Amino acid sequence: MQMTDSKPTNKQLDASWLTVRDRLRREIGNTTFERWIQSVAFEALRDTKVVLAVPTRFLCDWVAPRYGDRLRALWQNEVPTVRSIDFVVRSALSEPEEQPRGSQGSKMDGFVAEADGEDTTVIDGEVPNGGPFDGGDIGARLDRRYSFDNFVVGKPNEFAHAAARNVAESDIPPFNPLFIYGGVGLGKTHLMHAIGLRVREREPNRRVIYLSAEKFMYQFIRALRFKNIMGFKELFRSVDILLIDDVQFIGGKESTQEEFFHTFNALVDQNKQVVVSGDRSPADLEYMDERMRSRLSWGLVAEVHSTSYELRLGILQAKAEQLGATQVPPKVLEFLAHKITSNVRELEGALIRVIAHSNLVGRPMSLETTQEVLHDLLRANDRRVTIEEIQKRVSEYYNIKVAEMSSARRAQMVARPRQVAMYLAKQLTSRSLPEIGRKFGNRDHTTVMHAVKKVDQLRSSDAGFAEDVELLRRMLEA
Ligand code: ADP
Ligand code: MG
């Protein structure tokens, strides 16, 4: 959306940011995008400067020199008055330095904007020895939107959710540590906050610290520099619940790892709850000391799996309701749940964009407008998996001939794999039902529809079957 003289509104800026992101995603590819740009958030437009927030210093150092220029150019395309990009290191969950982007906010702005400034201080104690810590800023603030109430539970996350709930409701750690892991944007941070919020609600006097592993490192290095290791130790060892997010960032730095290890042990020994999240399982934290890796898996390790269609739909329904957008047609939600499979953050972004567009142009939402608005995003989410590839993989997996995918045989040993392949074709490509049918020996679209239903049904009744399908999906997506 090209803007000229008048100052762009917040909604327009949000839309511009989405366009910028999508363009960049197309340029650098999904994987690189998810690794480096995904977590960058648009914060504000200040005169000619676009302020982008990056959750960690590490990411900032990586992103600014590599993508800064490109981001500026893409922004200029959207808002011609933009001259430069400012990167600030700020967790998406920490408090904004000033009131975020104007007060003309609709419900939607509240949704994209930061947590409001209500009293949400995480640590309630004094800093021992008046140490050189960033005051009450030792942990990040808990975002009230990231509550258990707002967390939609489905198969892929039910185990992690139950574990988190258990921790939040218990006085004595039921398992220590709780280690939650999974891919980007699948709700790990949300669950960590939910635990913190719930504990504080139940027992306001318990001391809760939530912070990223990166921030833990930063605080430690500061303590070293200011020769206040004692203060640091006391502070971290006096908490009742320590929530450390994105532990993979601790890797590499020996002294910090060491300190983290000691802090961790001290807390666990005192029967204080530790919750850790990471982007992979403890065993796969290859930069981490062997001792630490093993220690991290002593308690309970819970994976947040990538989302299923049902979960995505559930989340979209909940978000639409939260946004007060009751007029989103169910068809649109279903479409989004089918197409935006990467992660929940992206899913939310897509929904916001569709709603924003409809509000801006004053046209009701429909499948057509959705496809139009999300054109580029949909393409990015469209895995380049072909139906042929799916047929080949599925045949190999079930040890049947590829030709059976198009044959007329109805024996279960070929019919079932064929249904799985149709199901995966529906999930992983943007092909329509008739198109899929054609590729499977000119079958009717109702046959494909039936296959999709059947596979869904079997997935929920037969765990072994569900695993097969999941495995195939992963192989195809890799
Ligand atoms: P992660 O820490 O795993 O990268 P986040 O916890 O930051 O992911 O989640 C990304 C976004 O998706 C957040 O806005 C979060 O509220 C939302 N989200 C993720 N999973 C769910 C869920 N099951 N229900 C509701 N919102 C979710
Ligand atoms: Mg996170």
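For the residue classes used on this tour, Ala, Val, Leu, Ile, Met, Phe, Trp, Tyr, Cys and Pro count as nonpolar, Asp, Glu, Lys and Arg as charged, and everything else, Gly included, as polar. One more thing before you start clicking: what you have open is a predicted model.

**Stop 1: ligand 1**

Select ligand 1 and show what surrounds it. You should pick up 18 residues, with Val152, Gly185, Lys188, Thr189 and His190 as the closest. Colour that shell by class and you get seven nonpolar, seven polar and four charged residues. Now switch on the cartoon: helices α6 (188-202), α11 (309-322) and α13 each bring at least two residues to the shell.

Next, zoom in on the polar atoms. Which backbone comes within 2.6 Å of a ligand oxygen? Click Gly185: one of its polar backbone atoms sits 2.6 Å from an oxygen atom of ligand 1. Then go to His190, where a polar side-chain atom is 2.7 Å from a ligand oxygen. For a nitrogen atom of the ligand, pick Lys319, which has a side-chain N or O atom 3.3 Å away from it. Try a surface view here as well: ligand 1 on its own exposes 560 Å², and the protein buries 95% of that.

**Stop 2: α12 against α13**

Stay with α13, one of the helices that feeds the ligand shell, and select residues 344-361 together with α12, residues 330-339. Their axes come within 10 Å and cross at roughly 145 degrees, and the crossing is right-handed. Show side chains for Val332, Leu333 and Leu336 on α12, plus Leu347, Ala350, Leu351 and Val354 on α13, to see who makes the contact. What classes do these residues fall into? Seven are nonpolar, with no polar and no charged ones.

**Stop 3: two backbone oddities**

Jump to the loop between α5 (158-169) and β4 (178-182), where you'll find Pro177. Look at the peptide bond leading into it from Asn176: that bond is cis, with omega near 0 degrees.

Finish at Asn399, in the loop between α16 (387-398) and α17 (412-428). Asn399 isn't a glycine, yet its phi is positive, at about 55 degrees.

How values were computed. Residues numbered from 1 in each chain as written. Chains lettered and ligands numbered in written order. Predicted model: local features only at pLDDT ≥ 70, side-chain atom pairs only at ≥ 80, totals over all residues. Heavy atoms only, no water. Axes fitted to C-alpha atoms, helices over the stretch in contact; angles between N-to-C directions. Helix = DSSP H or I, 4+ residues; strand = E, 2+ residues; numbered from the N terminus. Left-handed = near helix turned anticlockwise from the far one by under 90°. Contact = heavy atoms within 4.5 Å. Near = heavy atom within 4 Å. Polar contact = N/O pair within 3.5 Å; in protein donor to acceptor, adjacent residues only side chain to side chain. Areas by Shrake-Rupley, 256 points an atom, 1.4 Å probe, with all protein chains shown as cover.
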